[in-house]
Amino acid sequence: MPFRRGNEARRRWRLSAKLLIAASVATVLGFSAVCAGVMFDMRRGEEQLARRTLENLASGIEADISRNLELYDLSLRAVASNLEMPEIRGVSKELRQLILFDHAATAKHFGAIQVFDTEGNLTIDAASLDPQPENRSDEEYFAIQRDHPDSGLYVSRPMLHRGAYAIVLSRRITGEDGRFLGVAVGSIRFSYFHDLFGRLNLTPGDTITVLRNDRTIIMRTPFDLDVIGKNLADQLDWRSENLKVGGAFSGMGPVDDTPRLYVRRSSSGPLYVVVGKPLEAVFNLWRTEAIRIGTIMAVLVLFVLSATLVLAREIVRRADAEDKLEELATTDALTGLKNRRKFDTEIDREWRRAGRYGQPVALLMIDADHFKAYNDTYGHQAGDQVLVGIAICISDAVRRAGDCPARFGGEEFAVLLPNMPALEAFKLAETIRGKVQQWCEGELITTVSIGVASMRPLAGQQWSDLIEAADKALYAAKANGRNQSVLATVPKIALVA
């Protein structure tokens with residue numbers, strides 16, 4: 001059964017083309033998913049690396065600020081503690097200065113410590129034995145220390161203090177009976193922060209923000225006086241939950257619209273530090289690698305898909321070519337009916353199938369009457385026209401998809417009719433004969449004789465027995481005068497006109 005195998009082979013070719021395309025698409029999607037996963041892992045790695053770097057930077061800055069605040073606070077505590085001693089009131093100004101400020105922390109960015117009494121008047125100044133009159137009762141830090149005994153070290157908002165922008169540090173002076181005796185005040189100038197941040201190797205867009213615990217901005221780089229002293233609690237579009245203690249946040253911050261990665265250090269002191277780096281800088285290297293890898297992947301995907309489409313098209317073309325070759329190999333060139341080779345394949349297949357299911361197989365053997373004489377009289381071209389006309393009449397009468405009309409050889413035709421009883425096959429034969437007779441007119445008068453046989457395959461029988469029976473019926477039709485159909489009776493052949 002070579003032609004059946006050919007059909008199966010062509011179906012396999014077409015299925016192979018579809019499987020090739022599906023496999024290529026699945027492979028591309030799989031590699032794309034793996035590549036995307038790797039790229040996202042790289043992105044997370046870049047973000048984690050930047051976060052650790054910013055945490056280390058914030059930790060170093062906060063440690064420096066906390067150390068200086070602690071040193072300065074120790075001086076303020078010493079002054080407040082010494083002023084509580086009764087003996088300090090009876091000593092000279094020079095000795096009092098020595099007792100109060102001898103061990104006070106000094107640095108170029110630290111302002112001189114001052115002491116204000118209960119009314120806010122300046123009484124002692126580390127920078128002068130005879131300070132100029134000054135009253136600070138209206139300052140926020142003075143009111144805080146006066147009204148809140150447990151305020152401890154208080155860091156003021158950024159302000160202009162003694163001719164320079166600074167933050168004021170203050171401590172309450174409390175008597176032995178708990179009475180408010182005044183305030184010890186010092187300051188750290190902005191120059192300290194400028195000097196601290198100036199030593200750092202920052203990239204454009206990096207920010208360092210020092211905030212008070214109530215979210216007031218104490219200092220920020222890049223420096224902007226419009227931002228300094230601003231309280232972020234007043235901004236309704238920025239929530240403190242966005243950047244928790246010791247956490248990180250990616251996006252637009254509360255100060256400007258530049259998306260950054262922000263890191264906040266945890267601190268137990270009055271100030272904390274937030275460091276930010278633009279997301280564009282954080283992912284710059286990753287973006288470059290992503291573009292490079294994405295470009296390579298896109299080229300590879302296009303190559304794989306293009307190659308797959310080319311191969312699939314070639315497979316389809318091969319299947320189409322095999323279809324055409326099979327059609328040429330199984331079709332009679334003159335009449336368009338199946339040829340003898342295809343007929344033998346079909347009758348073998350149908351005979352076996354009918355034997356399995358116990359169904360009848362009918363066969364019509366059709367022969368043009370007096371065709372040799374007609375061909376000698378009118379020529380081969382006219383004879384070919386007659387054969388084509390007979391083939392058209394046969395094709396017009398045979399309508400079932402499983403039937404197989406074929407040119408058996410020369411002027412002889414055969415029609416294989418699976419699962420058709422003898423009487424129905426005889427009726428079809430008469431239909432074909434009538435169509436041929438109706439088609440021929442004038443000088444082109446041609447008729448056909450038809451032998452009809454129908455058998456149910458039995459053990460030991462071959463399909464050649466069916467052909468032999470139909471042939472005998474055809475010979476009987478011709479012997480009886482032609483232009484008629486004869487039905488063969490099987491197994492004992494009885495010819496019936």
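I began with R260, which counts as buried at 5% relative accessibility; the model I am reading is a predicted one. I then looked for an acidic partner and found that the side chain of R260 meets that of D256 in a salt bridge, at 2.7 Å from N to O. For D256 I noted a relative accessible area of 22%, and since buried means under 20%, D256 is entered as partly exposed.

Next I turned to D369, whose salt bridge with K478 has its closest N and O atoms 3.4 Å apart. D369 lies in the loop between β12 (361-368) and α8 (371-378), whereas K478 belongs to helix α11 (residues 463-479), so this pair ties together parts that are 109 residues apart in sequence. I checked the accessibility of both partners: D369 counts as buried at 5%, and K478 also counts as buried, at 19%, a value that I set against the cut-off of under 20% before writing it down.

I went on to helix α1 (residues 2-83), where D73 and R77 are 4 residues apart and therefore separated by about one helical turn. Their side chains meet in a salt bridge, with 3.3 Å from N to O. Here I recorded D73 as buried, with a relative accessible area of 8%, and R77 as partly exposed, with 45%.

Before leaving the charged side chains, I looked up which residues join in a network, and I listed K342, E346, R349, E350 and R353 as linked by salt bridges. The count of salt bridges in the model comes to 32.

My last entry concerns the packing of two helices, a relation described by the angle between the axes and the distance between them. Helix α9 (residues 380-397) packs with helix α10 (residues 422-439) at an angle of about 140 degrees, and I noted 9 Å between their axes. That angle makes α9 oblique to α10; I checked this with some care, because only angles over 145 degrees count as roughly antiparallel. The crossing of the two helices, α9 and α10, is right-handed.

I then went through the residues that make this contact. From α9 I wrote down Q385, V386, G389, I390, C393, I394, D396 and A397, and these meet L428, T431, I432, K435, V436 and W439 of α10. Sorted by character, the residues of the contact between α9 and α10 divide into 9 nonpolar, 3 polar and 2 charged.

Key
Residues are numbered from 1 along each chain as its sequence is written. This is a predicted model: local features need pLDDT of at least 70, side-chain atom pairs count only at pLDDT 80 or more; totals for chains, interfaces and linings use all residues. Side-chain values use heavy atoms; hydrogens and water are left out. Axes are lines fitted to C-alpha atoms, for helices over the stretch in contact, and angles run from 0 to 180 degrees between N-to-C directions. Angles under 35 degrees count as roughly parallel, over 145 as roughly antiparallel, 65 to 115 as roughly perpendicular and the rest as oblique. A crossing is left-handed if the near helix is turned anticlockwise from the far one by less than a right angle, and right-handed if clockwise. Contact means heavy atoms within 4.5 Å. Ala, Val, Leu, Ile, Met, Phe, Trp, Tyr, Cys and Pro count as nonpolar, Asp, Glu, Lys and Arg as charged, and the others, Gly among them, as polar. A salt bridge is a side-chain nitrogen of Lys or Arg within 4 Å of a carboxyl oxygen of Asp or Glu. Buried means under 20% relative accessible area, exposed over 50%, partly exposed in between (1.4 Å probe, protein chains only).
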